[in-house]
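Trainee: I would like to take a close look at a single part of this molecule and follow where it leads. Could you walk me through one helix, its surroundings and its charged partners, with care?

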Amino acid sequence: MRITTALTLVLVLTWALPAAGDDFASSEASQAAIAAAIASPDRPKSDLEQDARRKPQQVLEFTGVGPGMHVIDVFSAGGYYTELLARTVGATGQVIAYNNPPYASFAAKAIAERYAGDRLPNVKQVTSTIEDLQLVPASLDLALFVMSYHDLYWRPDDGSWPATDPMQLLAKLHAALKPGGVVVVEDHVANPGGDPSQVVTDLHRIDPAVVKRDFEKAGFVFDGQDDVLGNPADDHTKLVFDESVHGKTDRFLFRFRKPAN
């Protein structure tokens, strides 16, 4: 009798475990889809040449992106990550490649080449000001900023970039994300302190603490970081386009989550 009871208990406990197994399977599927996206023979040669410094496998695994997801690539420019995201989410997913008019103008040639012949059919290109950006509520699993969040604070003297409001964009993303959805930010590290707009305008860098502050103020919860893109040898006082640091900057990688309830 005791043996039968024990066996029943084991079976009940075993039946109660599939959720963890499902999570593991989902993680494996995500990793496999990311690896296949990076290995695609249809990726442009210019993208392949950037892989070593961008480390897309590690970055995309950190985002948790996988097949079937709906994603927005914020200020996607020429679309290096847009293409990888599109190949990862597959035919049942969708990627919004969002640019404001200055970004779209700056990357016009690369954008035209990237999407020629409808080569990425699950990508929806959206070009609008932040003020006019319309996103369906609770429709997105993931938002990604790659070396572009700092631009929300950029204030060039020539007026080529509008005085964008970071909190306005974060509010729109918060509403558009599903409960539990995430935002991942990769950007160039600036030293602590100083006026964020001045630091960004001078160096195209941003203090990681400013990013955390913004997201927490917008209702997100800090959900982790990865140092895979870090470079302690980088001089944080130099403009990111300076030849001595260009392509080798110290970059932080943060993940923020919209609370599930």
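**A helix and its surroundings**

Mentor: The buried residues of helix α6 are Y80, Y81, T82, E83, L84, L85, A86, T88 and V89, and with nine of its ten residues buried, α6 is mostly covered. Please keep in mind, as we go on, that this is a predicted model.

Among the residues of α6, E83 deserves a careful look, because its relative accessibility is 0% and E83 therefore counts as buried. Side chains of opposite charge can pair when their charged atoms come close. E83 has such a partner in R114, with which it forms a salt bridge whose closest N and O atoms are 3.0 Å apart. This pair links distant parts of the chain, since E83 belongs to helix α6 whereas R114 belongs to helix α8, which covers residues 108-114, and 31 residues separate the two. R114 has a relative accessible area of 8%, under the 20% cut-off, so R114 is buried. The pair is also part of a wider arrangement, for D47, E83, R87, R114 and R119 are linked in a network of salt bridges.

If you now follow the chain out of α6, you come to G90, which has a positive phi, near 75°, and which is found in the loop between α6 (80-89) and β2 (94-99). With a relative accessibility of 21%, G90 counts as partly exposed, because that class begins where the buried one, under 20%, ends. G90 and G68 are 22 residues apart in sequence, and their C-alpha atoms are 6.3 Å apart in space.

The strand that follows this loop, β2, leads us into the sheet. Seven strands form an open sheet of mixed pairing, in the order β3-β2-β1-β4-β5-β7-β6. At the edges stand β3 (123-127) and β6 (221-226), each of which has a single partner strand, so one side of each is left without a neighbour in the sheet. From one strand to the next, the twist averages 20°. Within this order, β1, made of residues 70-74, and β4, made of residues 140-146, pair in the parallel sense over four bridges, and I72 stands opposite A143 in β4. Packed on the sheet is helix α11 (residues 208-217), which touches β4, β5 (177-188), β6 and β7 (251-257), and whose direction makes about 10° with that of β7.

The sheet carries salt bridges of its own, and the structure as a whole holds 13 of them. One joins the side chains of D141 and K178, at 3.1 Å from N to O; D141 lies in strand β4 and K178 in strand β5, 37 residues apart, and the pair thus links distant parts of the chain. K178 counts as partly exposed, because its relative accessibility is 30%. Another is formed by R251 with E186, where the closest N and O atoms are 3.2 Å apart. Because R251 lies in strand β7 and E186 in strand β5, this pair ties together parts that are 65 residues apart in sequence. R251 is buried, with a relative accessible area of 6%, and E186 is buried as well, with a relative accessible area of 1%.

Note on methods: Residues numbered from 1 in each chain as written. Predicted model: local features only at pLDDT ≥ 70, side-chain atom pairs only at ≥ 80, totals over all residues. Heavy atoms only, no water. Pairing = 2+ DSSP bridges. Axes fitted to C-alpha atoms, helices over the stretch in contact; angles between N-to-C directions. Contact = heavy atoms within 4.5 Å. Buried < 20%, exposed > 50% of the residue type's maximum accessible area, 1.4 Å probe, protein only. Salt bridge = Lys/Arg side-chain N within 4 Å of Asp/Glu carboxyl O.
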